[in-house]
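Visitor: I am new to this structure and would like to be guided through it with a few questions.

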Amino acid sequence: MIGELALLFGVMIGLLLLGLPIFFAIGVSGAAYAIVYAPKVPLMIVGQRFVNGLDSYDFAAIPFFFLAGEIMNRGGISARLLRFARAAIGHIRGGLSHVNVLASMVFAGVSGSAAADASAIGSVMIPAMKKEGYPAAYAASVTAASATIGPMIPPSIPLVIYALFAKQSVGQMFLAGVLPGLGMGLVLLAASIWISRRRGYPARPWQGWGEFARAGLTSALALTLPVIVVAGLVSGAATTTEIGAIASAYAVLVTMLVYRELSLPALWEAICTAAVDSCRVLIIIAVAGIFSYIIANMGLAWSLAKIATGMSDDPAIVLAVIMLILLLLGTVLEPVTLLVVIVPILVPTAQAVGIDPIQLGTVAVLATLVGLVTPPVGFLIYLTAAQAQVRAGPVIRELSPFVLVLILLLVALVFIPGLSLWLPRLFFG
Amino acid sequence: MSDGPLPDSLRTGAARLRRLLLGATRHGLGAGLAFIAGLAVLQVVLRYVFANSITWVEEISVLVLLWIAWIGAIHLWLDRSHIAVDLLLPHSGPWRARLIAAFDLAAVAGGLALAWAAEATIAAFGGVVMGSLELPGEIKFLPVLAGGIGLALAGLVNLLAGGEGGS
């Protein structure tokens with residue numbers, strides 16, 4: 001098995017490090033395995049697995065959640081959510097820094113993607129923070145760190161991917177993501193307050209309860225979206241895919257008929273952009289079919305489970321090891337690749353030692369999200385550095401306290417299962 | 001004047017073809033997504049308002065989703081915007097253009113190999129009838145065949161057009 005694994009992962013990692021697209025590296029490594037170990041994986045199976053990877057209606061939920069977020073973003077929701085966040089906490093010292101975090105928390109409820117969050121919030125907040133005298137690198141770092149909340153609070157695309165690959169209920173995974181998502185917001189807010197006090201960042205005057213209520217009212221329709229998603233899934237009124245489509249339709253209604261900020265051409269642009277963005281994820285899922293097939297035939301998950309049970313019978317210790325592996329891999333691989341290639345191998349291992357797969361899901365998703373803000377390839381670093389027009393180095397330095405609190409929260413998720421499991425158990429039993 | 005081994009007219013023609021393909025695939029992907037989203041909403045409305053449902057919605061949606069994924073792969077290759085690990089490329093200096101050309105060559109070879117594998121799968125599934133619509137079983141594998149051919153074409157167009165960006 002060692003030789004087979006070396007070929008499969010060696011080819012994949014080699015091509016990834018060269019810079020070839022991830023879907024291509026996964027596909028070629030699977031094909032290389034099929035050629036070298038020809039009788040094990042016939043040619044017709046290669047073509048079949050490139051279809052089977054995506055051969056489920058549930059995966060249609062991914063483009064639908066991309067679409068809902070894109071429509072809300074183009075339909076003026078970011079400005080409303082920022083106004084609400086400013087009215088709520090803009091008056092505390094370092095107000096704009098905290099507004100950035102709070103806006104990302106509420107934006108997370110309409111978008112399941114970190115890139116969308118960083119683009120939407122960063123495009124407004126980074127220039128505003130720079131204008132008020134915050135260092136550009138700090139503005140970029142707080143935007144990057146808080147954008148990681150987006151894929152944890154439902155609707156969340158990584159949680160959907162994990163649920164489908166780990167064969168768990170999407171509704172339960174969404175509920176499991178609520179407390180960790182709110183926790184991410186709180187620890188980032190705490191770090192933002194601590195840094196702002198130490199550095200004496202400016203405070204804005206309190207705008208009054210009237211402005212707070214008005215800002216809350218204008219954002220209320222957007223803030224209803226995550227409630228619709230979770231309520232729809234928990235009640236069983238519709239499937240995940242249908243909920244995704246309903247969320248998109250709701251976004252169209254709110255932005256076109258209520259806010260009146262989305263024209264028909266802009267809607268079409270949003271649809272095309274969401275389709276293209278979702279393809280980046282869908283094609284990786286499609287080709288991962290061959291990888292899963294080979295791994296399953298090798299019995300790798302079974303072997304790993306045996307090693308894990310021999311290592312320790314304490315689920316928290318094994319989960320901590322999994323967390324460390326994912327944190328390490330997350331520094332070079334982005335979340336979707338980890339969730340479709342590595343996590344399916346880990347799920348049977350985790351279950352063998354008594355780790356709840358729902359808890360594993362929140363730990364895995366948060367561990368992979370930390371990778372988005374850690375060097376060398378954390379893409380949020382480069383995205384927000386470009387927005388702030390600074391080099392990546394200072395942004396990485398400014399990010400360190402935020403990364404530290406996210407890792408502390410991750411450790412809490414590992415050792416306190418209730419943080420992930422309390423809400424799913426409350427609603428699903 | 002040409003600054004490489006290819007004549008300017010060929011480069012310009014390839015760049016124009018790349019723009020055309022990018023536009024066509026982008027709108028095609030948008031149409032596909034709008035179609036399956038519309039179907040899903042219609043299904044919910046039919047179920048709750050008319051106590052009825054369409055049996056073939058999931059089957060057709062999965063087919064469209066497969067086309068979206070593989071046409072999207074072609075679009076993203078043309079646009080050079082697939083998700084990738086950017087460790088080596090930003091530091092490759094004068095080798096950058098050669099590396100990118102090598103990637104495009106890999107797409108041509110990989111695309112043709114994929115089309116070959118898809119063709120073998122289609123042949124194996126010929127005659128099988130699929131789902132409630134009783135569609136031929138091989139229809140599911142056509143997006144992979146198209147994706148393979150399209151990837152090879154995208155690699156070739158990018159090679160001829162040169163440069164780093166599609167859109």
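Visitor: Is Arg83(A) buried, partly exposed or exposed?
Guide: Please keep in mind that this is a predicted model. The relative accessible area of Arg83(A) is 32%, and the class in between runs from 20% to 50%. Arg83(A) is therefore partly exposed.

Visitor: Which parts of chain A do Glu211(A) and Arg83(A) tie together, and how many residues apart in sequence are they?
Guide: The side chains of Glu211(A) and Arg83(A) meet in a salt bridge, with N and O 2.9 Å apart. Glu211(A) lies in helix α11 (residues 208-235), whereas Arg83(A) lies in helix α5, so the pair ties together parts of chain A whose separation in sequence is 128 residues.

Visitor: Is Arg80(A) buried or exposed?
Guide: Arg80(A) forms a salt bridge with Glu261(A), and their closest N and O atoms are 3.1 Å apart. Arg80(A) has a relative accessibility of 17%, and the limit for a buried residue is under 20%, so Arg80(A) counts as buried.

Visitor: In the salt bridge of Arg199(A) and Glu398(A), which helix holds Glu398(A)?
Guide: The two side chains, Arg199(A) and Glu398(A), come to 3.0 Å from N to O. Arg199(A) belongs to helix α10 (residues 170-199) of chain A, so the pair ties it to a part 199 residues away in sequence, and Glu398(A) lies in helix α19.

Visitor: Which helix gives the most to the largest nonpolar core?
Guide: This core has 216 residues, and Phe9(A), Ile62(A), Ile161(A) and Trp70(B) touch the most other members. With 21 residues, the helix that gives the most to this core is α13 of chain A.

Terms used: Residues numbered from 1 in each chain as written. Chains lettered and ligands numbered in written order. Predicted model: local features only at pLDDT ≥ 70, side-chain atom pairs only at ≥ 80, totals over all residues. Heavy atoms only, no water. Core = buried A, V, L, I, M, F, W, Y, C linked by side-chain atoms within 4.5 Å. Buried < 20%, exposed > 50% of the residue type's maximum accessible area, 1.4 Å probe, protein only. Helix = DSSP H or I, 4+ residues; strand = E, 2+ residues; numbered from the N terminus. Salt bridge = Lys/Arg side-chain N within 4 Å of Asp/Glu carboxyl O.
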